[in-house]
Amino acid sequence: MKIYVDMDDVLCETARHLCRLAERFFQRTVAYEQVFQFDLQEVFGLTDEEMKRFMALSHRRDSLLAHAATRGARKSLLDLRAAGHDVHIVTGRPGSAHAATAEWLAKRGLGDFPVTFVDKYGRDAHYPHNPDDPPTVTLPELLAQKFDLVIDDSPSILRHLTAWPKTRIFVFARPWNVHYALAPNMTRVNGWPEIRRQLNV
Ligand SMILES: [Mg+2]
């Protein structure tokens, strides 16, 4: 199978890290379990100006490297590949996050998985670009590709992925997607142990 695996909150614990950033730099205390929506400006109650600083902070190298790996993610990726699957990491991070993302993956023995940077949220123009950054793929360009299986957590992306009605889609259970209405090809999965059970890996 050709498999699309999202990065943030599928391979690493991004929201937990962002909660710590919001507390440390903006004195906003929100528990991960209370992140019920994907709009972080709303979740943390940040002004537009604070949100710009928050996004810049969250994409700094030290911040991206500080993300904890999601339980079971590393071994599952390696085992999926060993079972013959073609695994792609498809992230909404900007191309400018490429170096830190590659470093994080390499430190966990995942450095040779292909990574596609997709402008999932229409924010790419707001990010800084370095000449060495890989190109960022647009959402229509991503949707023109074909995958057999998707693992993602973001409701805004899941809405776009209704363009792939024949693709099996695992909705990685997180507080912000508990109320997402699943399409017939979608299954909510509780972490990597359940994904492995579903796929017999
Ligand atoms: Mg995600």
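Which residues in α1 meet which residues in α3? That was my opening question for this notebook, and I kept in mind throughout that the model is predicted.

**Entry 1: α1 against α3**

I started with the contact list. From α1, I noted Leu18, Leu21, Ala22, Phe25 and Phe26; on the α3 side they meet Glu50, Phe54, Leu57 and Ser58. Sorting this contact by class, I got seven nonpolar residues, one polar and one charged.

Next came the geometry. Two packed helices are described by the angle between their axes and the distance between the axes. Here I looked up helix α1, residues 14–26, and helix α3, residues 48–58: their axes come within 11 Å and cross at roughly 125°. That angle makes α1 oblique to α3. I also checked the hand, and α1 passes α3 in a right-handed crossing.

**Entry 2: the buried face of α5**

Which residues of helix α5 are buried? Within residues 73–82, I wrote down Ala73, Ser76, Leu77 and Leu80. Looking down the axis of α5, I found these buried residues within an arc of 100°, so they line one face of the helix. The spacing is a familiar one: an α-helix has 3.6 residues a turn, so residues three or four places apart point the same way.

What do the buried residues of α5 pack against? I found three partners, namely strand β1 (2–5), strand β2 (86–91) and helix α9 (191–199).

Then I stepped past the end of the helix. Glycine 84 follows α5, and its phi is positive, near 100°.

**Entry 3: positive phi without glycine**

With phi on my mind, I looked at two residues that are not glycines. Aspartate 9 has a positive phi of about 65°, and glutamine 27 has a positive phi of about 50°.

Where are they? Aspartate 9 is found in the loop between β1 and α1, while glutamine 27 is in the loop between α1 and α2 (40–44).

Is aspartate 9 buried or exposed? I count 24 other C-beta atoms within 10 Å of aspartate 9, so this residue is buried. For glutamine 27 the count is 7 C-beta neighbours inside 10 Å, so glutamine 27 is exposed.

**Entry 4: two residues of α9**

I returned to α9, since the buried residues of α5 pack against this helix among others. Glutamate 194 has its place there, and leucine 199 does too.

Glutamate 194 has 16 C-beta neighbours inside 10 Å, so I logged this residue as partly exposed. Leucine 199 has 18 such neighbours inside 10 Å and also counts as partly exposed; the cut-off that matters here is that buried needs 20 or more.

I took a C-alpha distance for each. Glutamate 194 and valine 10 are 184 residues apart along the chain, and their C-alpha atoms are separated by 13 Å. Leucine 199 and threonine 101 are 98 residues apart along the chain, with 26 Å between their C-alpha atoms.

**Entry 5: leucine 40 and threonine 138**

Leucine 40 lies in helix α2. I found 20 other C-beta atoms within 10 Å of leucine 40, so it is buried, given that the class begins at 20. How many Å separate the C-alpha atoms of leucine 40 and aspartate 79? The answer is 33 Å, for two residues 39 apart along the chain.

Threonine 138 was my last stop. I located this residue in the loop between β3 (115–117) and α7 (139–143). Threonine 138 has 14 C-beta neighbours inside 10 Å, so I put it down as partly exposed. I then tied threonine 138 back to glycine 84 from Entry 2: the pair is 54 residues apart in sequence, and 28 Å apart in space from C-alpha to C-alpha.

Methods
Residues numbered from 1 in each chain as written. Predicted model: local features only at pLDDT ≥ 70, side-chain atom pairs only at ≥ 80, totals over all residues. Buried ≥ 20, exposed ≤ 12 C-beta atoms within 10 Å, placed from the backbone. Helix = DSSP H or I, 4+ residues; strand = E, 2+ residues; numbered from the N terminus. Arc of directions from axis to C-beta. Contact = placed C-beta atoms within 7 Å. Axes fitted to C-alpha atoms, helices over the stretch in contact; angles between N-to-C directions. Parallel < 35°, antiparallel > 145°, perpendicular 65-115°, else oblique. Left-handed = near helix turned anticlockwise from the far one by under 90°. Nonpolar A, V, L, I, M, F, W, Y, C, P; charged D, E, K, R; others polar.
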